[in-house]
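Student: Please take one part of this model and examine it closely. I should then like a connected account that relates that part to other features of the chain.

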Amino acid sequence: MTLMEEASRGRVPREIGSVAEREGIDPAKLARLVATGRVVIPRNIRRENLVPVGVGEMLTTKVNVNVGTSKSLDSPETEVEKALAAVAAGTDAVMDLSTGGDLDLVRRKILDAVHIPVGSVPIYNAAVKKDVSSQGLFDALEKHAKDGVDFVTIHAGVNNNSLERLHQDPRIMGVVSRGGSLTMKYIAETGEDNPYYAEFDYLLEMAREYDLTLSLGDGLRPGCIEDASDRAKYMEFIMLGELVKRARAAGVQAMVEGPGHVPADEIQTSVKAMKYLTDGAPLYLLGPLVTDVAPGYDHITAAMGGVIAGMAGADFLCATTPSEHLDLPTKEDVIEGTYVTRVAAHAADLTRPGVREKARAWDLQMAKARADLDWNGQFNAAINPTRAKLIRHRRGVETDTCTMCSELCAIRLSKEALEMQRERK
Ligand code: SF4
């Protein structure tokens, strides 16, 4: 029985109990959210030593970090180091997006190294083997499932119809999803439909066998602000909604991926539409990036979009790094991207039903430490204490205030003013 089926029978398996305890939610309530597909807890039955993580309604906004080789840079050790650095920086999940070198080795090393959910994109294996065919795609999926991957991105929403939409409503950037573009090429070359779409029932059988969670990829996500809200994107949301329904009926957990590049004033509509069309499936977003013109700062443009998306209901933010659009991220980029995305997730949590009280208690802890000029208290409450300490001490000037205003410290002056006033009364 899959986790979703167990939850549907009112049971509380270990994974649900563990997530409920960490999130401070009633286990029976969480089981109901898993049963209805509003929350997913990705966990492959073959995975050992997994600390399960829940994604969806009434839970904190989660962060994923992508690692993985490319054809130009294919060191498995470096990618494992990046995954471990992301874990140390507080990510909730990692995805291996390797496309260079020995893909199977990288994936297995990452699975061995980390104890949080690991996701992957099987179509990359098929593409590297130059076998994007029905056989190649399902072989890749089975291999990833057997290795113990907890969730897989499947671009099943890209089909014959998608190509037609793109012809009728051309884009500036075309398709920027690797999985989406590989699928389109297969459709165009063979004249056949996307195997993951055409044989979705078979895919569900395979997912059931390993209790794999599907992350239904947005193969048609817009790659620039100009393309942000076209018919192809919304048509894909409709397709993904239908696939979510079929996955749930088969007892397979499913979440949905979303764009991409979206101007700030269109994010709420985009998120609400995705949630509505997919019957509240957990929503996993890359960004959204709120502008195209900030290479080098795209971890920030994505975090800006992530906060707005989180406020509108997005559940899972994929970290973007300063290298986005420019280069394969370094370990330092991954660390920076993880923290910045965690900041966005927490900012969204301050407004999120079910978790805002806990999130606000964290901010209150920091506010009280600041009011007391309690520097250790501030470091303890900081999302990245190491960075906060480094900046505070970098000039070696030690004062009870900080070097920003020194003796004109507003916090101290206002406290003194209030004390004087009290004494005078
Ligand atoms: S010196 Fe200025 S910036 Fe620093 S703690 Fe005081 S008020 Fe804040």
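Tutor: A residue is called buried when its relative accessible area is under 20%, exposed when that value is over 50%, and partly exposed in between. The model is predicted, and the part chosen for a close look is the loop that holds Asp315, between helix H14 (298–312) and strand S10 (316–318). Asp315 has a relative accessibility of 1%, and therefore counts as buried. Its side chain has two polar partners to consider. One is the side chain of Lys275, with a polar contact of 2.6 Å. The other is the backbone nitrogen of Leu283, which the side chain of Asp315 reaches at 2.8 Å.

The second partner leads to the elements that come before H14 in the sequence. Strand S9 covers residues 283–286, and Asp279 lies in the loop between H13 and S9. Most residues other than glycine have a negative phi, and most peptide bonds are trans. Asp279 is not a glycine, yet its phi is positive, about 50°. With a relative accessible area of 44%, Asp279 falls between the two cut-offs and is therefore partly exposed.

On the other side of S9, the loop that runs to H14 contains Pro288. The peptide bond between Gly287 and Pro288 is cis, with omega about 0°. A further cis peptide bond joins Pro259 and Gly260, where omega is about 20°. Gly260 belongs to the loop between strand S8 (254–258) and helix H13 (264–277).

Helix H13 includes Ala264, which is partly exposed because its relative accessible area is 38%. Ala264 and Thr291 are 27 residues apart along the chain, and their C-alpha atoms are separated by 8.5 Å. A pair with that sequence separation elsewhere is Val343 and Arg370: they are also 27 residues apart, with 18 Å between their C-alpha atoms. Val343 is in helix H15 (residues 331–349), and its relative accessibility of 42% is why Val343 counts as partly exposed. Beyond that helix, Leu373 sits in the loop between helix H16 (356–371) and helix H17 (375–381). Leu373 has a positive phi near 50°, although the residue is not a glycine.

Going back along the sequence leads to helix H12 (residues 231–249). Its 19 residues should span 27 Å at 1.5 Å a residue, and the end C-alpha atoms are 28 Å apart, so the two values agree. An α-helix has 3.6 residues a turn, so residues three or four places apart point the same way. Buried residues of H12 include Ala232, Met235, Glu236, Met239, Leu240, Leu243, Val244 and Ala247. After H12 comes Gly251, with a positive phi near 75°.

In the loop between strand S7 (213–216) and H12 lies Asp230. Asp230 forms a salt bridge with Arg171, and the closest N and O atoms are 2.6 Å apart. Arg171 is in the loop between H8 and H9, and the pair, 59 residues apart, links distant parts of the chain. Both Asp230 and Arg171 are buried. The loop between helix H8 (160–168) and helix H9 (178–190) also holds Ile172. Ile172 is exposed because its relative accessible area is 63%. Together with Met173 and Val176, Ile172 forms a nonpolar patch on the surface, with about 270 Å² of accessible area for the three residues together.

Salt bridges in the structure number 25. One of them pairs Arg108 with Asp147, the closest N and O atoms being 3.0 Å apart. These two residues are 39 residues apart: Arg108 is in helix H5 (residues 103–113), and Asp147 is in helix H7 (residues 134–147). Arg108 is partly exposed because its relative accessible area is 38%. Another salt bridge joins Asp218 and Arg221, with the closest N and O atoms 3.7 Å apart. Asp218 and Arg221 are both buried. Shared partners also connect salt bridges into one network made up of Asp104, Arg107, Arg108, Lys143 and Asp147.

The domain division gives the wider setting: domain 1 covers 1–36, domain 2 covers 39–354 and domain 3 covers 358–424. Between the C-alpha centres of domain 1 and domain 3 the distance is 41 Å. To return to the part chosen at the start, the buried residue there is Asp315, with contacts to the side chain of Lys275 and to the backbone nitrogen of Leu283.

Technical notes
Residues are numbered from 1 along each chain as its sequence is written. This is a predicted model: local features need pLDDT of at least 70, side-chain atom pairs count only at pLDDT 80 or more; totals for chains, interfaces and linings use all residues. Side-chain values use heavy atoms; hydrogens and water are left out. Patches are made of residues with over 30% relative accessible area and no salt bridge: like charges are joined within 9 Å, nonpolar side chains (Val, Leu, Ile, Met, Phe, Trp, Tyr) within 5 Å. Accessible areas come from the Shrake-Rupley method with a 1.4 Å probe; for residues, only the protein chains shown count as cover. A salt bridge is a side-chain nitrogen of Lys or Arg within 4 Å of a carboxyl oxygen of Asp or Glu. Helices (H or I, at least four residues) and strands (E, at least two) are DSSP runs, numbered from the N terminus. Buried means under 20% relative accessible area, exposed over 50%, partly exposed in between (1.4 Å probe, protein chains only). The expected span of a helix is 1.5 Å times one less than its number of residues. Domain bounds come from an automatic or database domain assignment. A polar contact is a pair of N or O atoms within 3.5 Å; within protein, one must be able to donate a hydrogen and the other to accept it, and residues adjacent in sequence count only if both atoms are side-chain atoms.
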